[in-house]
Amino acid sequence: MDINQDYVTTVIQKVLENLVSEEELSISGASGDGVCQTVEEAVAGAVQAQKKLTSMTLGQRDQMIAAMRKVSLDNNETMSAMAVRETKLGRFEDKVKENILCSTKTPGTEDIHPEAKSGDDGLTLLEHAPVGVIGSLTPITNPTGTIIHNAISMIAAGNAVVFNPHPGARETSTGMIRLLHKAIVEVGGPPGLISSVSQPTMDTAKEIMAHPKVNMLVVTGGKAAVNAVLRSGKKAIGAGAGNPPVLVDETANIRKAAKSIVDGASINNNIFCTCEKEVIVVTEIADCLIKFMQETGKARLLTPHEAKQVTALVVTREGGINPAFIGKNVQVILKEVGIELGEEFRLAIFEADKDHPLVWLEQMMPIMPIVRVADVQEGIDFAVEVEQGNRHTAIMHSTNVDNMTAFARAVQTTLFVKNGPSYAGLGLGGEGHTSFTIAGPTGEGLTSARTYTRQRRCTLVESFRII
Ligand code: NAD
């Protein structure tokens, strides 16, 4: 077990005494708790609930959102422990941070403020209206954060949502949906506003995608899933895979860069899509960066021989990532090649050639290649190549504004983080709202309530000015 089992057991017991029991979370199929037997039942409930929501006030919507934030925070530790136990991915303490971030920094109804234009020809009002029922496919990597974030955003915009969680995170995801559903209903919200099927599968995903009463689709996942929703013929938002490069030039504050990279690449064992996945560093300062990364006390430098052993372990013969090691603690991975590490370590680093598979694959584990380049221009060119057009995330450490601008312009990512860990771009220690559905392929960026709206214009053709 990667997390301290006694601690988690104590936390779970404490939380369960006061709040919702795990048993209660996993009662399967009882309609009325948001978890339905069939897609048809979930969509029918969502249609009715969304209709009711449109006749309720924004104030009532705010109450539902406040209740969703509260129930997510109150049950955070239970749900985080459940996610780690069920998916065997990531770290308990980082999932706790993710849930706090999604509960507190996902915008509510303030995100859909109307806009008005007044002039000689009258008044025009632009309102952000709901799209109706949204189908949302969620990933195994962030089963609670994505559901909290998407549910708050979609309901703030006046929609209902039918989730199809990843089957590998079924219990945690449906548990989270039950909690949110209960919280909404308790403050007078319509039942069915948030729902899922009790046994989500690829078939139920297809059923949701094809359902005539589902107005919009959102997928948070890998390339195949994004492509599937984009082929659906419906309005679709795709938040896909990334391979974020972090570039360090010779002007960087090297110690700060080293700490940021170790922290950013190791959060949740590298399973956030935004995590640094390869370091590209100008040769002049490469030794210093590696030394400072080790001096954080959290990063273990692998010898070339060890790096070969680890690569053979985590990269399959077919050239993909071995799923057995995704999201695991560094100790678990290195133990397989006979390296014992203390609990304080969070990341393994090694020097790699440009064509090393872990430079090009989305490894989602705390094993980090470091590639040397002659100068910043070579670094920019190479980073653009390894980002592979995902338009997802890139990070740079530099004090040269021209260099940072040149990289940002060349790489064209949705998130570009300067002089901090990647997660600062998610609002964790950085400014701005959070999102765990980052829509690079379809361009909505860090999604929020406004993403899930359609624009409606109302024009009054008379002078309506008060000045
Ligand atoms: P995944 O693509 O395997 O699954 C995501 C969801 O899509 C699941 O609900 C799954 O059941 C469904 N799905 C998968 N293939 C499908 C298909 N062909 N048709 C219909 N539905 C399908 O992804 P995952 O392993 O759960 O999550 C990890 C991936 O998600 C990584 O690539 C990561 O970068 C990405 N991710 C992206 C973001 C973002 O905001 N851009 C956030 C989290 C994760």
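**Notebook: helices, pockets and odd phi values**

I started just past α7, where G158 follows the helix with a positive phi, near 95 degrees. Note to self: this is a predicted model, and every value below is computed from it.

**Entry 1: α7**

Next I went back into the helix itself. α7 takes in residues 145-156, which makes 12 residues. Does its length agree with the expected rise per residue, and why? At 1.5 Å a residue α7 should span 16 Å, and its end C-alpha atoms are 16 Å apart, so the two agree.

Then I looked at burial. How many of the residues of α7 are buried? I got 12 of 12, so I wrote the helix down as mostly covered, buried being under 20% relative accessible area. The list runs G145, T146, I147, I148, H149 and N150, then A151, I152, S153, M154, I155 and A156.

**Entry 2: the core**

I then looked up the largest nonpolar core, which has 68 residues. Which residues have the most contacts inside it? They are L180, L193, I194 and Y452. α7 turns up again here: it gives the most to this core, with seven residues. I also checked where the core sits relative to the domains. Domain 1 (5-240 + 445-457) and domain 2 (245-432) both give residues to it, so the core lies between them.

**Entry 3: α6**

For a second helix I took α6, residues 92-105. It has 14 residues and reaches 20 Å from its first C-alpha to its last, close to the 20 Å expected at 1.5 Å a residue. Its buried residues are F92, D94, K95, V96, E98, N99, L101, C102 and S103. I noted that charged names such as D94, K95 and E98 are on that buried list.

**Entry 4: the largest pocket**

Pockets next. How much space lies in the largest pocket? I have it at about 900 Å³. The lining takes 35 residues, and H166, T220, G221, G222 and A225 lie nearest the centre. The elements giving two or more residues to that lining are β4 (133-138), β5 (160-165), α9 (202-210), β7 (216-220) and α10 (223-230). By class I have 21 nonpolar, 11 polar and three charged residues in the lining.

Where does this pocket lie with respect to the domains? Domain 1 (5-240 + 445-457) and domain 2 (245-432) both contribute lining residues, so the pocket lies between them.

**Entry 5: the second largest pocket**

This one holds about 300 Å³ of space. Its lining comes to 15 residues, with I112, E127, H128, A129 and P130 nearest the centre. At least two lining residues come from each of α4 (58-74), β3 (122-130) and β18 (453-460). Which element gives the most? β3 does, with five residues. The class split for this lining is eight nonpolar, three polar and four charged.

**Entry 6: the cavity**

I also looked for enclosed space. Rolling a probe the size of a water molecule over the atoms shows where empty space is left. The count comes to one cavity of 30 Å³ or more, and the largest cavity has a volume of about 40 Å³. Which residues line it? I wrote down N142, F272, C273, T274, L426, S435, F436 and I438. Five of the lining residues are nonpolar, three are polar and none is charged.

**Entry 7: positive phi without glycine**

Back to backbone angles. Most residues other than glycine have a negative phi, so I followed up two that do not.

N269 has a positive phi of about 55 degrees and is not a glycine. It is found in the loop between α11 (254-266) and β10 (278-282). Buried or exposed? N269 counts as buried, because its relative accessibility is 0%.

R391 also has a positive phi, about 55 degrees, and is not a glycine. R391 lies in the loop between α16 (376-387) and β14 (393-397). Its relative accessible area is 45%, so I logged R391 as partly exposed.

**Entry 8: one distance**

Last, I184, which lies in helix α8 (residues 170-186). With a relative accessible area of 1%, I184 is buried. How far apart are the C-alpha atoms of I184 and V246? They are separated by 41 Å, with the two residues 62 apart along the chain.

How values were computed:
Residues numbered from 1 in each chain as written. Predicted model: local features only at pLDDT ≥ 70, side-chain atom pairs only at ≥ 80, totals over all residues. Heavy atoms only, no water. Helix = DSSP H or I, 4+ residues; strand = E, 2+ residues; numbered from the N terminus. Expected span 1.5 Å × (residues − 1). Buried < 20%, exposed > 50% of the residue type's maximum accessible area, 1.4 Å probe, protein only. 1 Å grid on protein atoms, 1.4 Å probe; cavity = no way out; pocket = protein on both sides within 12 Å on 5 of 7 lines; lining within 4 Å. Points joined across faces, edges and corners; volume = space filled by probe spheres on them. Domains from an automatic or database assignment. Core = buried A, V, L, I, M, F, W, Y, C linked by side-chain atoms within 4.5 Å.
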